[in-house]
Amino acid sequence: MHVGIIGIGNMGLAMALNLRERGVDVTVRDLRTGPETIARTAGATVAASPADLAAAVDVVITVVGTGAETREVLLGADGVATVDGAGRAVMICSTIAPDDVIDCAAGLAQAGWQTLDAPISGGPARARAGSMSMMLGGAPALTASLDPLLAMLGEPRFVIGPHPGDGAKAKLVNNLLAAVNLAAAGEAFALAERLGLDAKTVLDVVCASSGQSWIAADRIPRALAGDVAPRAHARILTKDIGLALDCARGVGQPATLGVAAQAVFARTCALGWAEEDDAAVLKACRQPDTA
């Protein structure tokens, strides 16, 4: 199986390196030459465009940042759908709106491509190890046919439903909860510091007590150390909260805590930390709110 990956940022590049280490033929495409150079050094081929990549591979994986970018690389003038996809598949691994997934799948189908909605979670380290979680939405036969590739990319894998868009919905539910947890953790540890407590000791207490969460255990240690090198940019989780809230509004579901978390992350970005790790939310919570 020859795999193409469009969008080799933190997650996409880690996926490409993981597959190359397992002996898979990989072709990549990105707008930045730096990640492409790293992938080429690992033995990947670099394509000149999404269409060129699509013409060369059996499966296309997209890991670009937004729904608009996903539409462009898949349905744009030089996109995947300009290439006959008969017998081949696209995996959409980006976190985007369910409607964007559905529309892309429909456009790809006109060119013969099948679509598996396959958003991912876990961060670059787990992507590199092939142990990120995956939420799958697509035809059962397609999911089964891609299982050997999926097994190299992620564990655990959850089959959410039979339609593209189902995986995106589950991912947005997860990311809404992650954002609320992280906003709450930022607020709590800013309070601990303001109370004169040793925040690292408080973190030990939290991780052994009822306030524990994976997000706090993962993000807060590096936030306390001042390490905000981006594994997951603050702007990306801010975007994901907005998508989740759009879904909530669409079905009439109140999301009070989600709205509060969105405000915390919007403030983090407004203070100039959009390109830092989302752990930078602690820095925002330390700042007096003058609004």
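A residue counts as buried when under 20% of its relative accessible area is left uncovered, and this cut-off is a useful way into the predicted model shown above. Take T70, a residue of helix α4, which runs over residues 67–75. Because its relative accessibility is 0%, T70 counts as buried. Leaving aside residues up to four places away in sequence, the residues that T70 touches are T62, V64, I92, S94, I96 and C104.

From this single residue we can turn to the nonpolar cores. The largest of them has 33 residues, and I5, M15, I61, M91 and L153 are those with the most contacts inside it. Two or more residues of this core come from each of the strands β1 (2–6), β2 (25–29), β4 (59–62), β5 (89–92) and β8 (132–137), and likewise from each of the helices α1 (10–21) and α8 (147–153). Helix α1 gives the most to this core, namely seven residues. As for I5, its contacts beyond four places in sequence include G12, M15, A16 and L19, as well as V26, V28, L53 and I61. Apart from the largest core lies another, of 21 residues, and C104, which T70 touches, is among them, together with V57, V90 and L108.

The second largest pocket, finally, holds about 260 Å³ of space. Its lining is made up of 13 residues, and E187, A284, C285, R286 and Q287 lie nearest its centre. Helices α9 (166–194), α13 (256–273) and α14 (281–286) each supply at least two residues of this lining, and α9 gives the most, with five residues. In character, the lining residues divide into six nonpolar, one polar and six charged.

Terms used:
Residues numbered from 1 in each chain as written. Predicted model: local features only at pLDDT ≥ 70, side-chain atom pairs only at ≥ 80, totals over all residues. Heavy atoms only, no water. Helix = DSSP H or I, 4+ residues; strand = E, 2+ residues; numbered from the N terminus. Buried < 20%, exposed > 50% of the residue type's maximum accessible area, 1.4 Å probe, protein only. Contact = heavy atoms within 4.5 Å. Core = buried A, V, L, I, M, F, W, Y, C linked by side-chain atoms within 4.5 Å. 1 Å grid on protein atoms, 1.4 Å probe; cavity = no way out; pocket = protein on both sides within 12 Å on 5 of 7 lines; lining within 4 Å. Points joined across faces, edges and corners; volume = space filled by probe spheres on them. Nonpolar A, V, L, I, M, F, W, Y, C, P; charged D, E, K, R; others polar.
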